[in-house]
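Work through the exercises below with the model open beside you. Try each task before you read its solution.

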Amino acid sequence: MEASIDKKALYSLSYGLYLVCSRKSDKLNGQVANAVMQVTADPVSIVACLHKENLTTECIKESGIFSISILEEDTPMTFIGNFGFKCGRDFDKFGKCSYDIGMTGAPLVKEHTLAVIEARLIKQVDIFTHIMFFGEVVASCHLKEGRPLTYAHYHEVKKGKSPRNAPTFTLNEVR
Ligand SMILES: Cc1cc2nc3c(=O)[nH]c(=O)nc-3n(C[C@H](O)[C@H](O)[C@H](O)COP(=O)(O)O)c2cc1C
């Protein structure tokens with residue numbers, strides 16, 4: 001088989017959609033990410049892969065903590081737009097949404113959220129344009145029943161796109 005990258009093959013990977021949130025001193029910030037998953041069971045650990053230019057990346061590097069909000073299927077596009085297409089350097093993402101502060105100090109967004117997870121950074125891996133943040137889970141809370149928002153639903157039903165800093169950015173052209 002001739003070596004070539006078929007973007008349609010990569011487009012077949014499945015993901016959920018999440019908010020990854022953290023802080024830098026008093027500045028709270030967060031972003032949408034599809035590149036999030038659990039990696040071990042005992043102890044429980046997770047990984048989030050974030051672009052080097054993002055403010056959330058800067059926050060996690062500095063504070064060593066982050067939270068994950070698992071978004072519900074009905075999450076409005078305006079909410080995804082605020083967290084996924086705007087940078088916290090130009091916009092206060094926590095000005096209008098409801099949240100708590102978790103035991104690590106990370107903000108926990110509870111709007112449009114089925115469950116929240118808090119983690120302490122244990123390792124970071126530099127991977128080309130992105131950093132993979134591995135965290136040990138220190139707390140988690142199931143908030144409500146519902147269907148989690150998948151990347152497929154975001155694309156196929158909500159007709160959403162992926163911005164430049166998403167790892168899947170180049171797959172926009174496949175659809
Ligand atoms: C559907 C969707 C998926 C995304 N997935 C990721 C991701 O996995 N990793 C990433 O770094 N950025 C991802 N992004 C882009 C960030 O959310 C976006 O660059 C954000 O503006 C960064 O905000 P910040 O600079 O305030 O941290 C995604 C955005 C959307 C809308």
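Four exercises follow, on a model that is predicted.

**Exercise 1. Lay out the sheet**

Give the order of the strands in the open sheet of 7 strands, and find the strands at its edges.

Solution.
- Step 1: Read across the sheet. The order is S2-S1-S5-S8-S9-S4-S3.
- Step 2: Check the directions. The pairing is antiparallel.
- Step 3: Look for strands with a single partner. S2 and strand S3 (36-41) each have one, so one side of each is left without a neighbour in the sheet. These two stand at the edges.
- Step 4: Add the twist. Neighbouring strands are turned by 35° against each other on average, direction ignored.

**Exercise 2. Count the bridges**

How many bridges join S8 to S9, how many join S4 to S9, and how many link S1 and S5?

Solution.
- Step 1: Take strand S8 (residues 113-127) with S9. They run antiparallel and are joined by 12 bridges. As an example, glutamine 124 has phenylalanine 133 in S9 as its bridge partner.
- Step 2: Inspect the turn. S8 and S9 form a hairpin with 2 residues between them. Phenylalanine 128 lies in this turn and has a positive phi of about 55°.
- Step 3: Take S4 with strand S9 (residues 130-142). Here 7 bridges join the antiparallel strands. Cysteine 49 has methionine 132 in S9 as its bridge partner.
- Step 4: Take strand S1 (residues 18-24) with strand S5 (residues 65-71). They pair in the antiparallel sense over 4 bridges. Leucine 19 is partnered by serine 69 in S5.

**Exercise 3. Place the helices**

Which strands does H2 touch, and which does H3 touch?

Solution.
- Step 1: Start with H2. This helix packs on the sheet and touches S1, S2, S4, S5, S8 and S9. The direction of H2 makes about 55° with that of S1.
- Step 2: Go on to H3. This helix also packs on the sheet, where it touches S1 and S2. The direction of H3 makes about 115° with that of S2.

**Exercise 4. Describe the ligand shell**

Which residues come nearest to the ligand, and which element gives the most to the shell around it?

Solution.
- Step 1: Find the nearest residues. Of the 26 residues around the ligand, these are Ala35, Thr56, Gly84, Gly88 and Asn165.
- Step 2: List the elements that give two or more residues. They are strand S2 (27-33), strand S4 (44-51), helix H2 (55-63) and helix H3 (77-84).
- Step 3: Pick the top contributor. S2 gives the most, with 4 residues.
- Step 4: Sort the shell by class. It has 14 nonpolar, 11 polar and 1 charged residues.

Definitions and conventions: Residues numbered from 1 in each chain as written. Predicted model: local features only at pLDDT ≥ 70, side-chain atom pairs only at ≥ 80, totals over all residues. Near = placed C-beta within 6 Å. Nonpolar A, V, L, I, M, F, W, Y, C, P; charged D, E, K, R; others polar. Pairing = 2+ DSSP bridges. Axes fitted to C-alpha atoms, helices over the stretch in contact; angles between N-to-C directions. Contact = placed C-beta atoms within 7 Å.
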